[in-house]
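Me: I would like to learn how to read the empty spaces and the strands in a protein model. Can we work through one?

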Amino acid sequence: MIRKFSVSHAGDREPDVVEAGRALGLADLEISRAYYIEFDTDPSDAQIAEVCAALGGADMIVEPDIPLRDGDVQIAYRKGVVDNECQSIVTMCSLLGIAARAGKAVTIYRSAAPDLASRLRQARVNPTIEELHVEEPHYKTLMPAGSQARAEHHDLRAVDEKGLRELGSAGGRNLSLAQMQRIRAIQVETGAAWVSDVLLEALDARWSDHCAHTTWKSLGHLLKRLVDASAATGNPNILSMFHDNAGVWSFYDGLAIAIKAETHNGPSAIAAYFGQLTKVGGVLRDILGTGLGADPIGSFEYTALGVPGTPAPIAGRPAARELAKDTIRAVKEYGNTFGVPMMSSRMTFHPAYRAKPFALGGSLGILPAELADKRTPQAGDLVVLIGALTGDEGIHGASASSAGATMDVGSVQIGSPLEQVKFRKALIDLRDAGCLRALTDVGGAGLNSAVGEIGEPTGVWVNTALVPLKTATLPMWRILLSESQERMLLAIPPEAHASAKRILDRHQTRSAVIGRFSGSGRYCVFHDPSQTEEDVLAQPTGAVPGEVGDLGFDVPYELLDFDVPQLATDILPVRRLPEGRWPAMNTGEIGKLLAEVVSDGEVCSQHYADSQYDSTVQGNTRHGPRYGDAHPVRSGYWAGTPVDGSLAAAVVTTAFNPWLFEIDPVDALRHTFSDVVAGQVLVGVELADVCLCDNFYTPHRSEGWAEWLVAMVDELAALVRRFGVPVLSGKDSSAGSTATDEGIVHVPPAVFLTALGKVPDVGDLVPEQWHTVGNVLALIGPRMASPAGTVAARKLGLPDSRLDPIDLEAFSRYLAALSQHRGRFTSAVRLGPGGLAVALLRGALASGLGVDVADSMASAGSLFAEHRAGALVEVTAEVFESLPPELEAVEVGRVAVGAGVRANGEELLTPLVRENWLESFARSLA
């Protein structure tokens, strides 16, 4: 019996509804929600009234069984797409003592506009996962259905190359001929009569670029180069590096900080809401699954999209503007719901990302240093799956995104942050109670990756029939490969299981024992509905069940390795570009240019988005992501004190500029490294206390892509060795070439760098806000005077030019001088997009003070060059005179009364400049 409950707001329209109406051009737009509930039996009138009361609240009206009215438009998930609110609805009914089996949440739009449906279909409906109704739908059941089919068997011994290729690509797989030949060899070596589709799917995922870094291995084991360089620094702060879900950096008082960033580029191109939702949730699980469990203390995110207002290059895909709006909604929902402060958030609009966005999410976590290293299970330990149900979603997510293959709704994961909220504290309690032997998150490639990786040191068997499902049934390989979110895999000693179960139940966290670590050195997967959890618990240590029902595979781990063929690389492509020149401009022209520069997405205020993200939850944020008493502006760093009662702070800086990487990826990497590291030293972190997290996003079909990637990794490794700043963690996304209706679109070879530092006293960090009238504002640091890659150059339409070289010897001396003299700075800000002009603008807006720019600095080149390792510092006149030559200090002007930036007697901070800076981002999304 399915009943519908319509929920509407009785008061004034909520801000989100007003904003949606503005975006759609519908001043009278109304938005409400409705919930379909499938009950086990026909509910009584009293039970219906109880459900209405539970769904209602202040100013909420709940009405049962109200069909769609004429003109109403309803948007719902398609059949088979799992509704995240389904379990919440069922749980609510259970708490009321009413038996319900499924729920479905929908959104209803109402307006007098006759074209409401077409407007919504164009702007609000993602047809790959949603459907639109103008008449009341009639659902026979809300239960997603699946079919339990036995594993398919294939005898590969007599299959020719053509047949191997066809089988390797069948059903969405992305296995190469060489990989299929390796699977045939496994069949021969084990003497098996067949291999199953379960093994094909498992190895498709295991050998994918996402899981096995095959692109980097094929180019000379690039990851090993970074690991070796980082290890060679001998930095004692390194506790865990590139062999766990996150890197771990020593903190203070016996604690450590975990850091990780990952990308969800492919899914975010199809359904940005879900792709971005799960990028945040996924990286938080990486932190939870590090060592024996770290507790997240902050998150950061970055998104590069196509230019708003331009169409999607693939018909049926959402365009940049819709992707941007869905990104904001998703990041807000997951981060705020989970309860982790936003440390940094930024969105960039660049045409190279119109086909596949750069969707990066990162997080920090804290844990005891003694529990920071990755642990391994022991024979006999239980394989325990906790968290959300497993559904038919995210299928081939890892392999399709790795191969640059066409992704569809089946490859998109669907996140539900409340599930993760429940097991977050449960994991910490399990850790502190000594119930965990090891753990990992369930993310890309699903249980196959989680079970396969954590079980490799010992051997493992799992029964997929014991996995709790969202659907009635699923084939074995889909259970294994499903990328359903909010799940963790635990290795629990049998003697600790009862205690662990009590802790999980207390936190209302679903759990299931699905197998054992065997000590056999084999990876075994089967589907046997007759086996119960009690049967698993009763198995002797190290024993494998004699009867396994439908066998997926049982293969020694030593046979599951695949030697990646090596790619030959050529000489590095050379782009011979001229030296850039800034045009001569008078003050009026500079003012007009500033009005354009501040409207650029790299510069303008993104308050519309980042104000929706909670940056103060947990109460540990001490600086960032915005600062300013007079007006909040974007800060150059974040600092937080994650330990109650301690002033010790973690410090985060980030750097990325795709326009630089378009010009020269290697030089751009040097600029990026210099920027992010100098930003740490500027604010008060010692160089020896800084580590990095890298996120490479590179094409795989553009000319010279392999050569550029190798050169970039080698450059980063060289910089790591030279400056002693290790890379602890990261992720390589090497499928940035996308086939579209307009041809192949390539992202530039690029890397996003995040730096993590630590200081014993947060009070020693240099503030960013101007402080004292009469103080000198000085430009310091290596000069990067070229217009190449700058915002102003794009606005002026200047021709391409080469990036400034960075003298590493001079940069090293600059860092040393910066470390010695930063304590004399009254304030300091990093320079970035928009250059000195934007730093002055933000400084004036934030402080309510002003500056009279020195005549010598009032040129376009001085104001708009982006000296990426440099800074604008505030010092007293006496300090300025005594600054050492290594800082290359030059006076920009003096802090003055009255908010403004004045050059040659003319005000540059005009009402137009202020308006463009404040409103351009929101206007671009309207």
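Reply: Start with the residue classes: Ala, Val, Leu, Ile, Met, Phe, Trp, Tyr, Cys and Pro count as nonpolar, Asp, Glu, Lys and Arg as charged, and the others, Gly among them, as polar. Keep in mind that this is a predicted model.

Me: How many residues of each class are in the lining of the second largest cavity?

Reply: That lining has 6 nonpolar, 6 polar and 6 charged residues. The space inside is about 200 Å³. Of its 18 lining residues, S345, C604, Q606, D610 and R634 lie nearest the centre. Two or more lining residues come from each of β13, α21 and β24, and β13 gives the most, with 3 residues.

Me: How is such a space found, and how many cavities of 30 Å³ or more does the whole structure have?

Reply: Rolling a probe the size of a water molecule over the atoms shows where empty space is left. Here the search finds 12 cavities of 30 Å³ or more. The largest holds about 570 Å³. Its lining counts 33 residues, and R634, G636, R830, G832 and P833 are the ones nearest its centre. By class, that lining has 14 nonpolar, 10 polar and 9 charged residues.

Me: Now the strands. Is β28 mostly covered or exposed?

Reply: In a regular strand the side chains alternate between the two faces of the sheet. For β28, residues 727-733, 7 of 7 residues are buried.

Me: In which sense do β27 and β28 pair?

Reply: They pair in the parallel sense, over 6 bridges, and C693 stands opposite S729 in β28. Between β27 and β28 the chain passes through helix α24, and this β-α-β crossover is right-handed.

Methods
Residues numbered from 1 in each chain as written. Predicted model: local features only at pLDDT ≥ 70, side-chain atom pairs only at ≥ 80, totals over all residues. Heavy atoms only, no water. Buried < 20%, exposed > 50% of the residue type's maximum accessible area, 1.4 Å probe, protein only. Helix = DSSP H or I, 4+ residues; strand = E, 2+ residues; numbered from the N terminus. Pairing = 2+ DSSP bridges. Right-handed = clockwise from strand over helix to strand, strands pointing away. 1 Å grid on protein atoms, 1.4 Å probe; cavity = no way out; pocket = protein on both sides within 12 Å on 5 of 7 lines; lining within 4 Å. Points joined across faces, edges and corners; volume = space filled by probe spheres on them.
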